[in-house]
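Here are a few worked exercises to try with the model open next to you. Have a go at each one before you read its solution.

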Amino acid sequence: MEKLNILLVGSGGREHALAWKIAQSPLCGRLVAAPGNPGIGAVAELRAVKVLDVEGLVALAQEIAADLVVVGPESALEVGLADRLAEVGIPCFGGSQRAARLETSKAFTKDFCARHDLPTAAYGVFTDAPSAGAFLDTLQAPFVIKADGLAAGKGVVIAEDRAQADAAVLDMLGGRFGTAGARVVIEEFMHGEEASLFAICDGKTAVLFGAAQDHKRAYDGDTGPNTGGMGTYSPPPVLTDALVRQAWNELILPTVKGMAAEGNPYVGVLYAGLMLTPEGPKLVEYNARFGDPECQTLMLRLQSDLVPLLLAAAKGELASAAKPVWRDEAAICVVLAAEGYPDAPVTGGRIQGADADFGDQVVVFHAGTSREFEGRLVASGGRVLNVCALGETLREARDAAYAALEKISLSGGFYRRDIGWRAL
C-alpha cells in the first residue's frame with residue numbers, strides 16, 4: 001500500500017497519543033496536525049487552523065492531498081467537519097453531524113435508547129424549572145442533572161439532596177453552559193462501578209477496541225468537582241469478558257444497527273460509558289470520539305498498526321480489516337493539571353522535566369501546553385500533561401508513572417495520587 005497523507009484534527013492529550021501512534025505506522029507518509037501542540041510537533045507538522053474552522057480544515061486537507069482525516073475532538077464533529085469532508089471526497093474518521101448527536105445531545109441519546117429499548121437510567125428532558133421539579137418529585141436522592149449539549153465534560157452534577165438538584169437545574173437553564181444547558185436531562189441515579197468500552201465503527205460494522213476505567217473527580221478519594229478526567233487505566237479488571245459481551249450485544253451492536261436504520265450511520269469511535277449495575281451494564285452516556293485520557297492508555301496498549309483500522313472505518317471497509325492486537329501489559333495515565341482546574345485553571349505556569357528520558361515504559365503526552373519565548377514550555381490549559389506508563393501489572397505501571405511525575409514540575413500544578421485504586 002502507498003504511504004498516506006494524514007491530517008489529524010485537535011490539540012490535546014488524546015491527539016498527541018493518536019499522533020504518536022499514527023506516526024509509528026509504516027503507512028504514514030506525511031502527518032499534519034491542526035492546530036496541534038508542542039508535543040505533537042515532535043512527530044507531526046503543525047498548522048495553525050482551529051478545530052472549529054471547518055472551511056479552513058477542509059482547505060488544509062485538500063492542500064496536503066489528505067488520504068485520511070482523523071478527527072480528535074467532538075466539537076469538530078458537532079459543527080459538521082465530517083460532512084464537509086464527505087462533500088469533497090476525503091475519507092474521514094469521525095461521525096457526521098447527525099450521527100455525532102449520540103454525544104452532542106444527551107436528550108437525543110436518551111430518546112434513542114428509549115426507541116431501541118437499550119438499558120439505561122430512567123430520565124426526563126426539560127426546558128423549564130417547574131417541570132424539572134415535578135419530575136424530581138418522582139425520584140429519590142441522589143439526583144443526576146446533565147446539560148443536554150457539550151460542556152467539556154463538566155456539564156454533569158450528582159446532587160446529593162433536593163436543594164442541590166434544584167440549584168443545578170436553575171444554574172444550567174440560567175445559562176452557565178450557554179446553549180448547551182438550554183435543555184436539561186434528569187436521570188435516576190444508578191448504583192455500581194463505571195467503566196468505558198470502545199468500538200470502531202464504519203456505519204454498518206463494529207469492532208471491539210478495548211476498555212478503560214477513569215477517575216472524573218478532581219481530588220484523591222474521588223472527591224472534589226467533576227472534571228474531564230484526572231487519570232485512567234486499561235484494562236479494567238471490573239469489566240469482565242462476560243460483561244463486555246453483554247454490553248456489546250445489548251448496547252453497541254443495537255446502537256450501530258439502530259443509527260443505520262434511522263439514516264444516520266455511525267462512523268468513528270463509539271465510546272460507551274457504562275454503569276455496571278446489579279442488573280447488568282447500563283448506558284451512562286455515549287461519546288463520539290476516543291476518550292481523553294482513556295485514549296492515551298489504549299494507544300500504549302495497542303500492539304498492531306492503528307492506521308489501517310482508521311482508514312477501513314472511514315471507507316466503510318471494516319468487515320475485511322484485521323482486528324486490533326493488544327499487549328498483555330496494563331497501562332495507566334495520570335493527569336498533571338494546572339492550579340485551579342477545573343473551574344478557573346491558571347495558565348502560564350512553567351513546566352520543567354517533561355522532556356526527560358523516563359525509559360521505554362513511560363510516555364509523556366502534552367495536553368495543554370505551549371512554547372513561550374526562548375522555547376520555554378508553559379501550561380496553556382487545565383489539563384497540562386498526561387504521564388502514561390506500561391507495566392507487567394497495573395501496580396508496576398502506576399509506580400513507573402508516579403516515579404516520572406516526581407521528576408516533572410509545574411508551578412502550582414497538582415495530580416491525583418490514587419489513580420487505579422479501584423483495581424488495586
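**Exercise 1. Count the aromatic pairs and classify two of them.**

Start with the rule: rings of Phe, Tyr and Trp (its six-membered ring) pair if their centres lie within 6.5 Å, with planes under 30 degrees apart called stacked, over 60 edge-to-face and the rest tilted. By that rule you should get 9 aromatic pairs.

Next, take Trp20 and Phe365: the ring centres are 5.6 Å apart and the planes sit at 75 degrees, so this pair is edge-to-face. Now see where the partners come from: Trp20 is in helix H1 (residues 13-23) and Phe365 in strand E17 (residues 362-366), so to speak distant parts of the chain, 345 residues apart. Helices (H or I, at least four residues) and strands (E, at least two) are DSSP runs, numbered from the N terminus.

Then check burial, where buried means under 20% relative accessible area, exposed over 50%, and partly exposed in between (1.4 Å probe, protein chains only). Trp20 is partly exposed at 23%, while Phe365 is buried at 0%.

For the second pair, use Phe126 and Phe135: with centres 5.3 Å apart and planes at 40 degrees, the pair is tilted. Phe126 is buried at 13%, and Phe135 is buried at 18%.

Finally, look for a cluster: Phe93, Phe209, Phe290 and Trp326 form one.

A word on the ground rules: this is a predicted model, in which local features need pLDDT of at least 70 and side-chain atom pairs count only at pLDDT 80 or more, while totals for chains, interfaces and linings use all residues. Residues are numbered from 1 along each chain as its sequence is written, and side-chain values use heavy atoms, with hydrogens and water left out.

**Exercise 2. Work out how enclosed helices H1 and H10 are.**

Go through H1 residue by residue. The buried ones are Gly13, Arg14, Glu15, His16, Ala17, Leu18, Ala19, Lys21 and Ile22. That makes 9 of the 11 residues, so H1 is largely enclosed by the rest of the structure.

Now repeat this for H10 (residues 294-301). Here 8 of the 8 residues are buried, so H10 too is largely enclosed by the rest of the structure. Charged residues are on the buried list, including Glu294 and Arg301.

**Exercise 3. Find the neighbours of Ser11 and Glu250.**

Begin with Ser11, which sits in the loop between strand E1 (4-10) and H1. Ser11 is partly exposed, at 31%. Contact means heavy atoms within 4.5 Å. Leave aside neighbours within four places in sequence, and Ser11 touches Pro35, Gly36, Asn37, Ile40 and Ala367. The C-alpha atoms of Ser11 and Pro35 are 5.8 Å apart, with their positions 24 residues apart along the chain.

Move on to Glu250, in helix H9 (residues 241-261). Glu250 is partly exposed as well, at 35%. With the same neighbours left aside, its contacts are Leu118 and Pro119. Glu250 and Pro119 are 131 residues apart in sequence, and their C-alpha atoms are 7.4 Å apart.

**Exercise 4. Track down backbone oddities: where are the cis peptide bonds and the positive phi values?**

Step one is omega. The bond from Ala34 to Pro35 is cis, with omega near -5 degrees, and Pro35 is found in strand E2 (residues 28-35). Another cis bond runs from Tyr341 to Pro342, with omega near 10 degrees. Pro342 is in the loop between strand E15 (330-337) and strand E16 (351-352).

Step two is phi. Ala65 isn't a glycine, yet has a positive phi of about 50 degrees. Ala65 lies in the loop between helix H2 (54-63) and strand E4 (68-71), and is partly exposed at 45%. Asp117 also has a positive phi, near 55 degrees. Asp117 belongs to the loop between helix H6 (106-116) and strand E6 (123-126), and is exposed at 72%.

**Exercise 5. Sum up the whole chain.**

Count elements: there are 12 helices and 21 strands. For burial, 57% of the 424 residues count as buried. For contacts, residues 24 or more positions apart account for 69% of those with a separation of 6 or more. Lastly, the C-alpha trace spans about 55 × 45 × 40 Å along its principal axes.
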